[in-house]
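Please follow this explanation with the model open beside the text, moving from its enclosed space to its charged contacts and then to its cysteines.

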Amino acid sequence: MESLGKLADKPGLFKLETLMVRQGDRISRNIDWITVSLYAALVILGWINVYAAVFNPDSHPSIFDFTMNSGKQLIWIGAAIVLIIVLLVIDYKAYDSFAYLIYAFTIFMLLVTLVLATPIKGSRSWLVIGELRLQPAEFAKFATALAVSKFMSNVDLQQQNWRDHAKLSAITLLPPLLIILSNETGSALVFGAFLLAFFREGMSPIILIIVAVVAALFILTLIFPKFYLIGVITLLVGTYLWLNQRLLRKIKLIGLLYAAVVVIIFSVDFLVSNVLQPHQRSRINAFINPEADPLGDGWNVIQSKIAIGSGGILGKGFLQGTQTKFDFVPEQSTDFIFCTIGEEHGWLGSMLLIVLFMGLLTRIIFIAERQKSVFGRTYGYCVASIIFFHFLVNVGMTIGLAPVVGIPLPFFSYGGSSLWSFTILLFILLALDTHRKQDLSRAI
């Protein structure tokens, strides 16, 4: 190693090394180590459970076997560490300055995927580059989060300017539209989570209420007969008007809302029969009544519930899951990895995983609230919303409370694209957070 005297003769090199040391010190002092620890715990536990999901004592006994998923996941984790270093070293202002450029590049990649990707299980969502397979839809989430955060830092949603709402909707809806065209509906649904971030920044709650009501009507119409559902709604509306007769002055508005509800209920059958594709209808049928086709559409959900239920309180033990060993649950190292936790580690293991995710989400919201810029705060809520949606739907579909839409459990499921995209999503926020004091000093 060169002495300080020799480095003094090379002022450029000495200055660069001093800058790097200061940068490293700043990051180590200001980074939120609680969030980093929760991230590391989820990634390591995910890697271990990917190994458990594909464990075979005869052909793949080692967790470091790079021909099986656990070994490949270790490579993805190593690459994720490199990504983390790069994300933290980059000037944090670049994420704001280049937000639209990153978004535009992602849109371009989605278009390329739509045109050039080879169909895999009916979906054109993977770009194959040699041995590497990338799913641009995963990366579109953090790119869209950056773009909407950039846009919202320059507008005030509380003013309810419909032109701004239209622009924001276009930014948010373009990526899922392209993803749907590639036949990857599950990933497209995630973009609905951005509504939670918009609501935090002042968007009218009426929009959230409308979305929630339409979703509830869609599900209820699939479960109950249409005329029975309309009868119950009519009875509830009539009773409410009778108890609050002053609302009769707004009978025209109430009548329009009632008519809209009836139209939605009757349009569900048309949507399911003529718009949704066969595999999407199959997933809905499996969600509504998995027992109707236990060897077909309902197989995944039924076997998943059996695996989780058989774990009991303490589980069967690490690498002792029979449902896992005999491949009863398809996609168990990816979409259904929560089954491995439930079967091998039981209720306690499942609760530990839920606590880790709730801790991470709580910490992300805490970080978002302490940001001094609208861009940083909005981005933080986008991160929380995306991770929460993935967690809620992934766990829900493994226990039969949500339809099987094929989205991974963040930081936990097998896959390079998933792990990298969530890592980028989270550590951009942590990079912004390390500079929050500088933002405060500039604001003062």
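Helices, as counted here, are DSSP runs of at least four residues, numbered from the N terminus. With that in hand, the predicted model can be read from the inside, where a search of the whole structure finds one cavity of 30 Å³ or more, with a volume of about 60 Å³. Helix 6 (99-116), helix 7 (136-152) and helix 8 (162-181) each give two or more residues to the lining of this cavity, and helix 6 gives the most, with three residues. By class, the lining has six nonpolar, three polar and two charged residues; among them are Leu110, Arg124, Ile179 and Glu184.

The charged contacts come next. Seven salt bridges are found in the whole structure, and Asp32 takes part in a bridge with Arg363, where the closest N and O atoms are 2.7 Å apart. This pair links distant parts of the chain, since Asp32 lies in the loop between helix 2 (11-30) and helix 3 (33-54) while Arg363 belongs to helix 17 (residues 338-369), 331 residues apart. Asp32 counts as buried because its relative accessibility is 5%, below the 20% cut-off. Asp32 also meets the side chain of Arg370 in a salt bridge (3.1 Å, N to O), and Arg370 sits in the loop between helix 17 and helix 18 (374-398), 338 residues from Asp32. Asp32, Arg363, Arg370 and Asp433 are linked in a network of salt bridges.

Turning to the cysteines, Cys339 counts as buried because its relative accessibility is 0%, and Cys382 counts as buried at 0% relative accessibility; the search of the whole structure finds zero disulfides.

Note on methods: Residues are numbered from 1 along each chain as its sequence is written. This is a predicted model: local features need pLDDT of at least 70, side-chain atom pairs count only at pLDDT 80 or more; totals for chains, interfaces and linings use all residues. Side-chain values use heavy atoms; hydrogens and water are left out. A disulfide is a pair of cysteine sulfur atoms within 2.5 Å. Buried means under 20% relative accessible area, exposed over 50%, partly exposed in between (1.4 Å probe, protein chains only). On a 1 Å grid over the protein atoms alone, a cavity is a set of points where a 1.4 Å probe fits but cannot get out, and a pocket is an open set with protein on both sides within 12 Å along at least five of seven lines; lining residues have an atom within 4 Å of a point. Grid points are joined across faces, edges and corners, and a volume is the space filled by probe spheres set on the points. Ala, Val, Leu, Ile, Met, Phe, Trp, Tyr, Cys and Pro count as nonpolar, Asp, Glu, Lys and Arg as charged, and the others, Gly among them, as polar. A salt bridge is a side-chain nitrogen of Lys or Arg within 4 Å of a carboxyl oxygen of Asp or Glu.
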